Amino acid sequence: MKRICAVGAGFSGAVIARELAEAGFRVLIIDERDHIAGNCHTYRDSETGVMVHAYGPHIFHTADERVWAYVNRFGTMMPYVNRVKANVRGRVYSLPVNLHTINQFFDSAFSPREAEAFIRSKARLDIEEPRSFEEQALRFVGEDIYLAFFAGYTKKQWGVEPSKLPASILKRLPLRFSYDDNYFNHPYQGMPRDGYTEVVRNILDHHNIELRLRCEYGDLDEQFQHVFYSGPLDRYFGYDLGRLGYRTLDFEGVRAEGDFQGAAVINYPDPDIPFTRISEHKHFAPWESAQLDKTIAFREYSRLCGEGDIPYYPIRLLNEERLLKQYEERAAAEAGVTFVGRLGTYQYLDMDVTIARALKVAEEYLAKTRQ
């Protein structure tokens, strides 16, 4: 029986490889980089002792009990609540927008009911079916909060006007009329004690799995029973229909004694500040941060992904729909290949959704082979 190939050693490829390996299939998993875990890769900084998220912060959160049990099977998840701040015109606010944010921003002392009525009076309720990010924000929170917290940050993060982005991006962000500043609503939230790379390493620790790093799919001369491809969708087809838009990130490191900013993440929405946020990574591990006398933080700059850059997330511009549909049709017709993950499906997927979909893809493949 021919082997299975999983292209990409992030969560998508690793989970599929493990599920098929446990079912008796021999799996080759490859990655063009020199490490596993994809953009979730973590490492221990030698100078500070801080566990660093190499490609920016990744916070695990989910409402899926099965996914939560799965990651806990392969790593120890420690409690962690993401509490984000925003520096707007030299003042610091809590995110997501909550009652504290509203009262700070409008110099008020609204009750929950008063705040809800006030925001409703600001909201553009005449926009009945928002299509763009901008329309969704204006209907959601009104112009004042939109311009302060979302407009500039979004343009820097995505590189285009918010009016050209789909409304679905903003639907991921909550608005609360309480003082709850937990960035996520999910019941299960945490961080892997030993980093994400260790979790993925444990997933790949099976005798039926062979891992090959610094290996590109095009370099393989082996024939496979099936390929699970988690690389960029348009890249698989040689970009012959044109390039889909991706964003990439650049990081500027800052090392310091003690504490740098007192929080894990502070956003900088002001349009005249070139970076989008600063992340101080020792705060992602509060169970060990007090023992560290040095720190490392990163200013994060977002830009269009070019040739040779690492794609982080798809832009999904409204005017890209036709090109994306053409690639999706070709992918569906590609015999012996299943496209998975954030890049392979050209969708913005959180880690829990990525794992859930990988489990489902593996189950469907196993069911098909048993028929």
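Here is a short chat about a predicted model, going from one helix to two sheets and the cores.

Colleague: Before we start, what pLDDT do local features need here?

Modeller: Residues are numbered from 1 along each chain as its sequence is written, and side-chain values use heavy atoms, with hydrogens and water left out. As the model is predicted, side-chain atom pairs count only at pLDDT 80 or more, totals for chains, interfaces and linings use all residues, and local features need pLDDT of at least 70.

Colleague: Which residues of α10 are buried, and why are they on the same side?

Modeller: Helices (H or I, at least four residues) and strands (E, at least two) are DSSP runs, numbered from the N terminus, and α10 covers residues 321–333. Buried means under 20% relative accessible area, exposed over 50%, partly exposed in between (1.4 Å probe, protein chains only). In α10, the buried ones are Leu323, Leu324, Tyr327 and Ala331. They share a side of α10 because their arc around the axis, taken from the directions from the helix axis to the C-beta atoms, is only 95°.

Colleague: And which residues on the other side of α10 are exposed?

Modeller: The buried residues of α10 have cover that includes α8 (233–236) and β17 (337–339). Over on the other side, the exposed ones are Arg322, Lys325, Ala332 and Ala333.

Colleague: β17 is also in an open sheet of five strands, so which strands stand at its edges?

Modeller: Two strands pair if DSSP finds at least two bridges between them. The order is β10-β2-β1-β11-β17, with parallel pairing. Each edge strand has a single partner, so one side of it is left without a neighbour in the sheet; these are β10 (209–213) and β17.

Colleague: Which residue in β17 stands opposite Val227?

Modeller: Strand β11 takes in residues 226–229, and it pairs with β17 in the parallel sense over three bridges. Opposite Val227 in β17 stands Val337.

Colleague: What about the open sheet of seven strands: which ones stand at the edges?

Modeller: Here the pairing is mixed, and the order reads β8-β7-β13-β14-β15-β12-β16. A single partner strand each, so one side is left without a neighbour in the sheet: that describes β8 (91–95) and β16 (313–314).

Colleague: How many bridges join β12 to β15?

Modeller: Strand β12 spans residues 246–257 and β15 spans residues 294–304, and they run antiparallel. One facing pair is Gly253 and Phe298 in β15. The number of bridges joining the two strands is eleven.

Colleague: Is Val254 buried or exposed?

Modeller: Val254 lies in strand β12. Contact means heavy atoms within 4.5 Å, and, not counting residues up to four places away in sequence, Val254 touches Phe260, Thr295, Ile296, Ala297 and Arg299. Its relative accessibility is 16%, so Val254 counts as buried.

Colleague: In β15, what is the bridge partner of Ile278?

Modeller: Both faces of β14 (residues 277–280) are covered, with Arg277 and Ser279 buried on one side and Ile278 and Glu280 buried on the other. Four bridges join β14 to β15, and the strands run antiparallel. The bridge partner of Ile278 in β15 is Arg299.

Colleague: Which helix gives the most to the largest nonpolar core?

Modeller: A nonpolar core is a set of buried Ala, Val, Leu, Ile, Met, Phe, Trp, Tyr and Cys residues joined through side-chain atoms within 4.5 Å. The largest one has 102 residues, and Leu20 and Phe149 touch the most other members. With eight residues, the helix that gives the most to this core is α12 (residues 351–369).

Definitions and conventions. The expected span of a helix is 1.5 Å times one less than its number of residues.
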